Amino acid sequence: MFDKNFMKIKSVLFISIFFTGISVVHAQTKITINTNSNAAPISKTMYGIFFEDINFGADGGLYSELVKNRGFEFPESAVMGWTRLAPGESRGSLSIRTEEPFEKANPHYMHIEVRDPGSNGFGINNEGFRGMGLRKGETYLFSIYANAPMEVMSFKIELISSDGKVIGQAAIDNVTKGWKHYSAEIVPTETDAKATFNLLGTKVGLLDVDMVSLFPKESAVKLMGRDVPGLRIDLVQMLADMKPGFLRFPGGCIVEGRDLGNRYQWKNTIGDINQRQTIIGRWNTEFGHRLTPDYYQSFGLGFFEYFMLCEQIGAEPMPIINCGMACQFNTCELVPMDELGPYVQDAIDLIEFANAPANSKWGKIRADMGHPESFNMKMIGIGNEQWGSQYIERYKFFAEAIKDGYPYIQLIAATGSDATIFPNGQAEIEYLWSQWRELRPEYVDEHFYRRPEWFIENTGFYDEYDRKGPKLFVGEYAAQSGGVANPDNRNNWKCALYEAAFITGMERNADLVRMTCYAPLFGHEEAWQWRPDMIWFDNLNVYGSANYYVQKLFSLNPGTNLLKAHVNDAPNLNDKTKALSVSSTFDNEKDEVIIKVTNVSAKAIKTNIELQGITKAGPQMEVITLNSSSLTNENSIKDPKNIYPAENTIALSSPSFSFDFAPYSFTILRVPVEK
Ligand code: AHR
């Protein structure tokens, strides 16, 4: 169940101090768990992942292509990412051409005329995504489409370290007339997070090049026995380690696009990679304070790869589709109702692509891509952060068509964005809820981007929610230490701990709240637009934020059934804030009571815990603690495990026992029991 290697015993001293009083003491605070109250099952999809291509999440991130603008197809500038290289006395010229490309859908290519190769060649350099992360001794796959329109041509490729040394090279000596695919393997002699890549013609002549590509040879292939082409292993591993219940993709506002032309169109992201057309990433200039003009979507990571990733990490696929509305924070462009047909057809075709037999039209496309089996997709989100009557009108159109042909598909409907950040938010949300109670999508998606205090003050947010309406999908949430999308936001312990307290509240309402995920998922240290983010990375490293470990611990310890937990005589921090937040579940497979407790006070809190309805507990319990001495602490590339779960076991002989919860801590107790 639990990966023992995951835990570091970092607080042996602390544990010995706090765990010595395990015999019954007269603690002031009492936590009572009623195990006879075995109630709502915890949804298998309770804890999932939200993926969006923001902050270099896909290109430059999860998608492990190292060459930026490999196809010379960035719409604003076909040469973005590339520079001319004329070392020493070499001479030549470069031009972008479109006549007779190797692939019509990928029309631009680089034409290199070498007039004098000198001693080092003439050609181009690619800067990568804020450099290229290369590891000494690992194999990298170079591949290219090339054409020598006149004489046979030769060229070399060089991997260049950040201090200018050649740390790997290969030569291709036989490029002939007509577009052909060439490839080579290169093993760098040094590790460098900011390497670049040269392509140099080495004799006089003409050379056309396209889809210039460099991948780590091992890219997620060996991770879980099935091949997901071109994903960064270390990032995938972080996701797999969470054992997520679902993966929501491809976002976020990216689904909607700033305008409809810029919306996410899944059909353009499948099939032959050479035919997937690059578009501008909608986050490139969204925030004036974090301009990222080189942010594009190559769709090397497309819908097929997302489905494969879901399979690899054992997550239910949760695609979100555009519902004929562009982002309502941007253009609000709307598809007229009488032109909505193709959008609905896209949704229907997606279900077919994911689930239909391999001999059907869309099933065959999936099978030809290497996956004849169904992806067994069970749910779909209609629109992202949509609101207003126009949304309801469009939702109905989609819902009728989907339910008509595919009644088993569960629908997810939106409630706009966070009520505090879109115009008239609260009223809009109430209007949408009144509609959803009638229309009955299986799930309604709510988003919370609020100050950390809101999360701790609202652990009871779902306590009074209507039990007769649709179930809840809390599809985006994250505590914002400085304000929504504020560039000074931090993934600090305060945000993570207060989120943990809020999650205990969602878990206590697990009969209603069936799916939850933190957002956004990834942030590139140098190329982010939005923070906080759950997982941070650069070109070589990755680390989980404190928020990641909170999510992971909930996800790895969900239990199977909700138990009723009561806390008596707990200290309050203030009128609105309890120091302790508690949720409890039962694990039917292991016969364990799981107790999750956050202590947001600066002091340890002594408790007496009583497991009602249990005759025998022990002989030991597992204690997992995530804590930090200061609420401003955080993890970083240099100190990735500053805030990291510690695991311990302690002896236990009774279903009533004392336990001291450490200051600023999130603790999980797993208690083996007999009823
Ligand atoms: O998570 C970042 C953005 O926040 C998402 O794209 C959007 O849905 C929300 O407004």
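Buried means under 20% relative accessible area, exposed over 50% and partly exposed in between, using a 1.4 Å probe and protein chains only. This is a predicted model, in which local features need pLDDT of at least 70, side-chain atom pairs count only at pLDDT 80 or more, and totals for chains, interfaces and linings use all residues. Residues are numbered from 1 along each chain as its sequence is written, and side-chain values use heavy atoms, with hydrogens and water left out.

**Exercise 1.** Is Ala485 buried or exposed?

Solution. Start with the backbone: phi of Ala485 is near 55°, a positive value in a residue other than glycine. Next, take the accessibility: Ala485 is at 8% relative accessibility, so this residue counts as buried.

**Exercise 2.** Now try Glu100: is this residue buried or exposed?

Solution. Glu100 also has a positive phi, near 45°, and is not glycine. Its relative accessibility is 70%, and therefore Glu100 counts as exposed.

**Exercise 3.** Find which residues have a polar side-chain atom beside an oxygen atom of the ligand.

Solution. Look for polar contacts (pairs of N or O atoms within 3.5 Å; within protein, one must be able to donate a hydrogen and the other to accept it, and residues adjacent in sequence count only if both atoms are side-chain atoms). Glu52 places such an atom 2.5 Å from a ligand oxygen. For Glu385 the distance is 2.7 Å, and for Glu476 it is 2.7 Å.

**Exercise 4.** Locate the cis peptide bonds at Pro250 and Pro520.

Solution. Phe249 and Pro250 are joined by one, with omega about 5°. The bond from Ala519 to Pro520 is cis too, with omega near -10°.
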